[in-house]
Amino acid sequence: MAKKRDSQKDRKRQAAKGVSRRDFVKKGTAAGVGASAAVLSTSGTALAQVSPVTAITWHYEADVVIIGGGCTGLPAAIRARDLGASVIVVDQNFDLGGKMLHSGGWVSLGGGDPLQLRDIKGEGDREGFVTAPRQHTVAELTEDPDFLFRDHTDWSVMDTAAQAPYRYNERDLHRAYADNCYATREFLMANYVRFTRISGTHGNGGMSRARRATTFLMEGSTTDIKQGTISRRDAGVAGVSSSHFAPRVMGDGAKIASTGARTNGAALSRGLEFSAREKGVRFLLNRHMDEIIREQQFSGRVVGIRASYSPRLDPVTGAQLQSLWQNGNVDDRTETIFIRARKAIIIGAGGHGANPQFRSMFYPAWREPAFVSSGWALLGPRGQDASGIIAGMRIGANLAGMQQNLGYDSTFHFPGVLATRDPYTDMLPGHPTFSMRGSTGIALGSDSFQHVIVVNQVGKRFFNELLVTRRQGGAWFPAAPEKGQPKRGLDHVQLDWRNASVDNIRATYAEPNSIHAALAMNEGSKAPDYFSGPIWAIFDRAAVERDKWNIDPPFTSPTNGFFFSADTIEELAARIHADHEFQRIPLTYLAETVRRWNAYVDKGSDPEFGRGADAPMYRVEKPPFYAATLYPVWHDSYGGLRINGRTQVVDMQGEPIPGLYAGGEASGGGQQHGLGRALVHGYIAGTNAAAEATGTR
Amino acid sequence: MSEHVAEASTPISSTVMPHATSVVAWDIPSAIVAGERFRMKVGIKCSNECRLTNGHFGVYDHEGAQAATGTLPDERWPGTTGLYVAEVELAAPASEGLYTWSVKGLESDSGPHVESSISFGVRVVGNPEYLVRVETVDGVSQTPLGGARVVMHPYQAVADARGVAEVRVAKGAYRLFVSQTRYLTFCLPVEVTADMTARAELDLAPVPERN
């Protein structure tokens, strides 16, 4: 029987992840701080500063120390290095790139950025790769920073869930964002990032103009960042293999760049990584930041960090995972080290999606430890653990945008991939972290859910299955009633009260709310946490044959506890309970649920959840029977450290904490999905960090 | 529950717990014309994965009368660990309606097993006098969608290689559904009062964009 996870054990386990008890006591004693004087937070990070400056022997030092080598950290590192600063980047993972590496590569900027201007002129790129015609009219591409700023702070825009995605954005931060989009796009293009034509705008990137392009490399015989080429093997083969270079198979950019263009975040991330290594940035990978050290806990400059060794091992071979490239790496396996920052520290450690205690601040149901953040397998269990935010809080940082998690439809959602704990990421055999996934999962479109019933941890249905994974789109260009706006495209009017009128909201509201039913308490939810528990798609052999699903490895795993088959429903329920680590109770009602469902199918209607009107219904009757997890994922993180327009972290008095910067998902006050927000933050942070005066300690 | 006393030099009392069983029933046609015969499959499994060869089961109609009996075969059903399956032929009731029938097994001398049962629906329809011809195509390329599934509850059919499905239905109002893997389900309300032809143009389901 699988070891079960309960709330008390989970809390202890999470605490142990943040800092080991042995390490904590040792450091506390060395610093003359009694262990009882510190209070362990839920993530295990001490709330009191445990490393007074006078007691520290620094192992490394640099002008700028950056926490996290992802979408904020890499541009910050390059920018600071360009301006003459020495830079050390620490990252808890074995490779660089963070979530950016796995992303679609879409970068939404705007405000009249160089790419908009390139498309307006109908020009291609410097290397001659981009030959596709532009995707938008001149009017759809024409704007300036003032216009972009208004778009990103427009109080009136509502989406189909009656959420206002722009009104709560921090004004100073978004003014700086609008003013730095041009420079950031130019900077990226000067650091081996190749952009396609602009195509639409990314999530919450504004209602009024097209601002988004993805990144690409041209398929060639070899992978050569300088030449802009990628081998077919490194680009990956859909449904078969990915590569260490690109954990997610790269897409076809023929329509938005040219034939042979392969697109996604690997082209962005690896380009920036290549540039950073080339320019002399040093990297301490497998190194988790546990503490930011300030002269005094709530005053003075930040002076450095404490970081612990965090190697990742292949669960099959036991081998330690290694980064794709090694030049610039510092391979130090000391358990705990201290790194001095002479000028500044930049927090680009990502969000909080993998920290159940932190994310439950926004939604108590998300204290359920079964559910992971996107990138769980790619980044490891300590990725997205809120450590950057918590470290900032511990030295007095304020927070911002804490409610904005609830206003974007992919913050937490069902990706619709069965039979895997990590349903968002797409690593296939060929990437070092595939073994962490164990299975690719069975990816289903929402219509394929007509072939299954979906039940909670006690075996009861809770919603119309066809709506369980359905999400209503957010509000971004091009405007349309199906996105919540009264007018379409360029007819959208900024700051118009009619956008937010009750009549318009009534006419456009379309939030299915299904995920909230999935996360609701049920008969198996117990105090004090009332976990909703795992969610299961139940189907039969006939469903597999009808919709032509491949349920063999690597799509499923016979051993990872996320997919089961049995000759009878009763047996299926027993297997789930025995071998799924988060199935804490029997699926008492499953057999009765299937019987009742089959009776509804015979009648042609589902009085409980309205199936039958939207798609055909099929009995679950033909053995063998299958159960596959349908797990939600926490993807975006909104809400984090409050930063100003210079990306300085701001304290509870509204004053910048000297020398401390942050960006991306570690910061709050901006509800823009995707990479643009973090890249601009990184650019601004790198610029300002390099200009800081050198500290004396 | 039965008790046996083992014959040995030292008497040992042991209790043989009867094994639980589970019954499954499938391949019941979704619509059966009144009075006609139909076939279905019945499977029984012992919780201890006992060999159930020659085990008996009965099929009972909505009034509890035995409609058929079956005997389990020598071999387990392929792809299962202990399911024994037999096919039975039955006669549908003479009147239209949705009936609840049941299967009970194992019966009589099938060893120390607890009898279990499962109920299932038998949808009996009148004479389906009208032919609905459904042409299924990709909405963009207009190429036929062979294998598309056509459902006009309770009637079902599968499109042939030309993308054509023919469904015989009784007069009435239906939702005509056409489904195909990777396509959005097509739905059209239809009133059938004569033979008719419908054309279903299906759109590919959008691939969710992710960043």
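Let me start with the place where the two chains meet, where chain A gives 42 residues to the contact and chain B gives 34. Please keep in mind throughout that this is a predicted model. Between them, chain A and chain B bury about 3000 Å², and 45% of that area lies on carbon and sulfur atoms.

What kinds of residue make up the side of chain A that touches chain B? I will come to that by way of the polar pairs, since the count between the two chains is 19 residue pairs in polar contact, both residues of each pair being at pLDDT 80 or more. On chain A, the elements that give two or more residues to this side are helix H18 (541–547), helix H19 (569–579) and helix H20 (590–603), and H20(A), with four residues, provides the largest share. To return to the question, the residues on this side of chain A divide into 18 charged, 12 polar and 12 nonpolar.

Salt bridges also link the chains, and the count between chain A and chain B is three. One of them joins the side chains of Lys45(B) and Asp567(A), with N to O at 2.9 Å.

If we now widen the view to the whole structure, a search finds 56 salt bridges over all chains. Among them is the pair Glu219(A) and Arg262(A), whose closest N and O atoms are 2.6 Å apart. This pair links distant parts of the chain, 43 residues apart, since Glu219(A) sits in strand E5 (residues 216–220) of chain A and Arg262(A) in strand E8 (residues 261–263) of chain A.

Let me turn next to a pair of helices within chain A. The axes of helix H3 (residues 73–82) and helix H21 (residues 675–690), both of chain A, come within 7 Å and cross at roughly 30 degrees, and the crossing is right-handed. Which residues meet there? From H3(A) they are Pro75(A), Ala76(A), Arg79(A) and Ala80(A), and from H21(A) they are Leu679(A), Gly682(A), Tyr683(A), Gly686(A), Thr687(A) and Ala690(A). Sorted by class, this contact of H3(A) with H21(A) has six nonpolar, three polar and one charged residues.

I would like to finish with some details of the backbone, beginning with two cis peptide bonds in chain A. One joins Ala527(A) and Pro528(A), with omega about 5 degrees, and Pro528(A) is found in the loop between helix H17 (514–518) and strand E18 (536–540) of chain A. The other runs from Pro553(A) to Pro554(A), with omega near 5 degrees, and Pro554(A) lies in the loop between H18 and strand E19 (563–566) of chain A; H18, as you may recall, is one of the helices on the side of chain A that touches chain B.

Where does Gln384(A) lie? Gln384(A) is in the loop between helix H12 (376–379) and helix H13 (387–394) of chain A, and its phi is near 55 degrees, which is a positive value in a residue other than glycine.

Technical notes: Residues are numbered from 1 along each chain as its sequence is written. Chains are lettered from A and ligands numbered from 1 in the order in which they are written. This is a predicted model: local features need pLDDT of at least 70, side-chain atom pairs count only at pLDDT 80 or more; totals for chains, interfaces and linings use all residues. Side-chain values use heavy atoms; hydrogens and water are left out. Axes are lines fitted to C-alpha atoms, for helices over the stretch in contact, and angles run from 0 to 180 degrees between N-to-C directions. A crossing is left-handed if the near helix is turned anticlockwise from the far one by less than a right angle, and right-handed if clockwise. Contact means heavy atoms within 4.5 Å. Ala, Val, Leu, Ile, Met, Phe, Trp, Tyr, Cys and Pro count as nonpolar, Asp, Glu, Lys and Arg as charged, and the others, Gly among them, as polar. Buried area is the accessible area (1.4 Å probe) that two parts lose on being put together, summed over both. A salt bridge is a side-chain nitrogen of Lys or Arg within 4 Å of a carboxyl oxygen of Asp or Glu. A polar contact is a pair of N or O atoms within 3.5 Å; within protein, one must be able to donate a hydrogen and the other to accept it, and residues adjacent in sequence count only if both atoms are side-chain atoms.
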